[in-house]
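Here is a structure to read step by step. Keep the sequence and the 3D view side by side as you go.

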Amino acid sequence: MTKVFVPMDSAALSMGANEVAASISQHAVKNGLDVTVIRNGSRGMLWLEPLVEVETEAGRIGYANVSVDQIPELMAAGWLTGGSHDSCLGLVEEQDFFKNQTRITFARVGVTDPLSIADYESHGGLKGLRTAIAMAPEKIVAEVTDSGLRGRGGAGFPAGIKWNTVLNTESDQKYVCCNADEGDSGTFADRMLMEGDPFTLIEGMIIAGIAVGATEGLIYVRSEYPHAIDVLNQAIAIANENKLLGTSVLGSKFKFNLEVRVGAGSYVCGEETAMLESLEGKRGMVRAKPPIPALVGLFGKPTVINNVMTLAAVPMILADGASSYQSFGMDRSRGTQVFQLAGNILRGGIVELPFGITLGELVNTVGGGTRSGRPVKTVQIGGPLGAYLGVESWDVPMGYESLAQAGGMLGHGGIVVFDDTVNMAKQARFAMEFCAEESCGKCTPCRIGSTRGVEVIDRIVAGEEQSKNLELLEDLCEVMTDGSLCAMGGLTPLPVRSALKLFPADFGIKSGAK
Amino acid sequence: MSNYSEESILNYLGPYKGDASAVLRSLQVVQELLGYVPDSALDLIAKNCNVSRAEVYGVFTFYSDFRSTAPAKAVVKVCVAEACQASGCASLISELHDKGYDIHKGTVKADIQMEQTFCLGNCALGPAAMVNGAPIGRATCEKIFAATKAVTA
């Protein structure tokens, strides 16, 4: 029997993976070939999708950008035994883009069948949970604290400290909520993990529950991710059947129930308190903090809220020990970061590496520069609320503090590359426009400031009283930064100010105006 | 409510009876069933969840997913966020405009509804689009209309 892997990741589907998988099966049946098509996750080399892999004695051989039309000729070329063809890459794991990575969180994504719990276990799954079950909750929390793991959603708050607060808060009910409302443009790591290795997230959430004493878990997924929702629901059903979830986790005294909740098209619901409101069935209006959700969270109960990438790092930390995870990275940014290369980039996709690689290495060496072949003008890191950085920032090492020092923000680790055709005044205007569109409306700086921001930028670009309007924009940005309830209004000035600072000419600013 | 009686909808909402935290999920159930949320369903949900109609209306209007009228046979979502801007979604949007579809306004024409969206999570293969939930990478007019043809035929 020959195993053929065709990814079921949305990115692969968007390039025709379902049709390719069906065509391979049809050809196999028609020609009496013993072929099993396995739907794996994606390896993260997205420019090669659909990337079909054939298992051979030497390892898995990859065929890139396979289309339905090519199946007959690939069959004729003997691809089921790794035969040569223009689209043949050789061994997938020997590809430079892939082999130079440090895959910890994404270790199984693209390798295994996402819905096979046997596959999951034979590739190191459940080891962390078994370790955790045998430990005192305080020890689990200490392990996560010692690993140096920080919130991968963007805020970078130490996960162990958050967990410790929930652990030490008395309550009849506690919750673990996973924030899978991955709305930042340029980010797709959460989606790929949920579609490609959902049991890792489930295992991480169970460990979090055991650590803090929570028995209920919720995953809040955006509605734009129908495939991830589908895979997660299937995985949770399998986890229930296998007693991974339920009244006795793996036969232990611990209980943990898990449920998927779906968003309804609101970016601000990725903000943790708006997410809680949405989980309670209400409008996604941001809550004022304090109290923090670790003390007063879902339905007023102590709640751990972590991003998908944070929770998915936990099983490996428990399995291999805090010091193993902690040994990667630099300064206070420990472990690995799952970077996402997006936008106008030659080799876009997932790059998991220890913190510390420079921005330039990531974009140019790993990503190969722009897809258009034109020079890079700017990159936006960390989503719509992240700063634009120019090529003078190539040497900045990727880490929470180092990026902040360079005027940027790591956020969720998404990097959007733009070539020299981009107009930065348009990008700044879009940042304000997006904020106006998605603001929950609770606080004035965000709700009104964003609309005024669009108008002021328009006046600057039109050359109307530039000095005065620049001063006004600066004042507005200051009010939004300092006066907004959450990051939506608070960080929108980041892309606006950085665009203006780096590329004033795009705003039509005459020299001497600022 | 087209093919569904009030009674049968209440059946689907059964698990949420008396649950004030189930307003959003109730709206999602109705939209899943009917393709949109008719005005009368707001009263039904309010009664079932034991909250005021105003509260249900507030939730209904907050989230951009909800519709008050039936959708076209093909609903196309075109990403307009940064990563797709970097990948040239502007020219795709203007081509669609030339064909009579303004995605910013959600034009409906020939059983096709074109809408803008902010990020579909396919940011390395932009411009990204989605037709009735099926993703399209490196989207072109050609690819989009091939997909809509398949669902409107």
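**From a covered strand outward**

Begin in chain A with strand β7, residues 216–221, which is mostly covered: five of its six residues are buried. This is a predicted model, and every value below is computed from it.

Which strands pair with β7(A)? One partner is strand β6(A), residues 175–180, which runs parallel to β7(A) and is joined to it by six bridges. To find the place, look for A:Y175, which stands opposite A:E216 of β7(A). Another partner is strand β8(A), residues 257–262. Here too the pairing is parallel, over six bridges. A:G217 has A:L258 in β8(A) as its bridge partner.

A helix belongs to this part as well. Helix α11(A), residues 226–241, makes a β-α-β unit with β7(A) and β8(A). The unit is right-handed.

Now return to β6(A). Strand β9(A) runs parallel to β6(A), and five bridges join the two. A:C178 stands opposite A:N306 in β9(A). How many of the five residues of β9(A), residues 303–307, are buried? Five of the five are, so the strand is largely enclosed by the rest of the structure. Follow its side chains. A:T303, A:I305 and A:N307 point one way, while A:V304 and A:N306 point the other way. Both sets are buried.

**The whole of chain A**

Step back and take in the full chain. Chain A has 22 helices and 16 strands. Its radius of gyration is 24 Å, close to the 24 Å that the globule rule gives for 514 residues, so chain A is as compact as a globular protein of that length. Along the principal axes, its C-alpha atoms fill a box of roughly 75 × 60 × 40 Å.

How much of the chain is buried? Of the 514 residues in chain A, 62% are buried. Contacts also reach along the sequence. Take those between residues at least 6 apart in sequence: 71% of them join residues at least 24 apart. The accessible surface of chain A is about 18300 Å². Carbon and sulfur atoms account for 51% of that surface.

**A helix and its surroundings**

Move on to helix α19(A), residues 449–461. It has 13 residues and reaches 18 Å from its first C-alpha to its last, close to the 18 Å expected at 1.5 Å a residue. Which of its residues are buried? They are A:G449, A:S450, A:G453, A:V454, A:V456, A:I457 and A:I460. An α-helix has 3.6 residues a turn, so residues three or four places apart point the same way. The buried residues of α19(A) pack against four helices of chain A: α17 (424–438), α18 (444–447), α20 (466–483) and α22 (493–502).

One of those neighbours, α18(A), holds A:R447. A:R447 is partly exposed, with a relative accessible area of 35%. Set aside its neighbours within four places in sequence, and A:R447 is in contact with A:S439, A:G441 and A:K442. For a sense of distance, try A:D184. It is 263 residues from A:R447 along the chain, and their C-alpha atoms are separated by 19 Å.

**Places where the backbone departs from the usual**

Most residues other than glycine have a negative phi, and most peptide bonds are trans. Some places in this model depart from that pattern.

After α19(A) comes A:G463, a glycine with a positive phi, near 80°. A:E465 is not a glycine, yet its phi is also positive, near 35°. Find A:E465 in the loop between α19 and α20 of chain A. Is this residue buried or exposed? A:E465 is exposed, with a relative accessible area of 53%.

Chain B offers a further case. B:N132 has a positive phi near 45°, again in a residue other than glycine. It is found in the loop between β4 (129–131) and β5 (134–136) of chain B. B:N132 is partly exposed, at a relative accessible area of 40%.

Cis peptide bonds come next. Go back to chain A and the loop between α12 (272–279) and β9, where A:P290 is found. A cis bond joins A:K289 to A:P290, with omega about -5°. A:P291 lies in that loop between α12 and β9 of chain A too. The bond from A:P290 to A:P291 is also cis, with omega near 5°. The loop leads back to β9(A), the strand with five of its five residues buried.

Technical notes
Residues are numbered from 1 along each chain as its sequence is written. Chains are lettered from A and ligands numbered from 1 in the order in which they are written. This is a predicted model: local features need pLDDT of at least 70, side-chain atom pairs count only at pLDDT 80 or more; totals for chains, interfaces and linings use all residues. Side-chain values use heavy atoms; hydrogens and water are left out. Buried means under 20% relative accessible area, exposed over 50%, partly exposed in between (1.4 Å probe, protein chains only). Two strands pair if DSSP finds at least two bridges between them. A crossover is right-handed if, with the strands pointing away from the viewer, the path from the first strand over the helix to the second runs clockwise. The radius of gyration is taken over C-alpha atoms; the globule rule is 2.2 Å times the number of residues to the power 0.38. Contact means heavy atoms within 4.5 Å. Accessible areas come from the Shrake-Rupley method with a 1.4 Å probe; for residues, only the protein chains shown count as cover. The expected span of a helix is 1.5 Å times one less than its number of residues.
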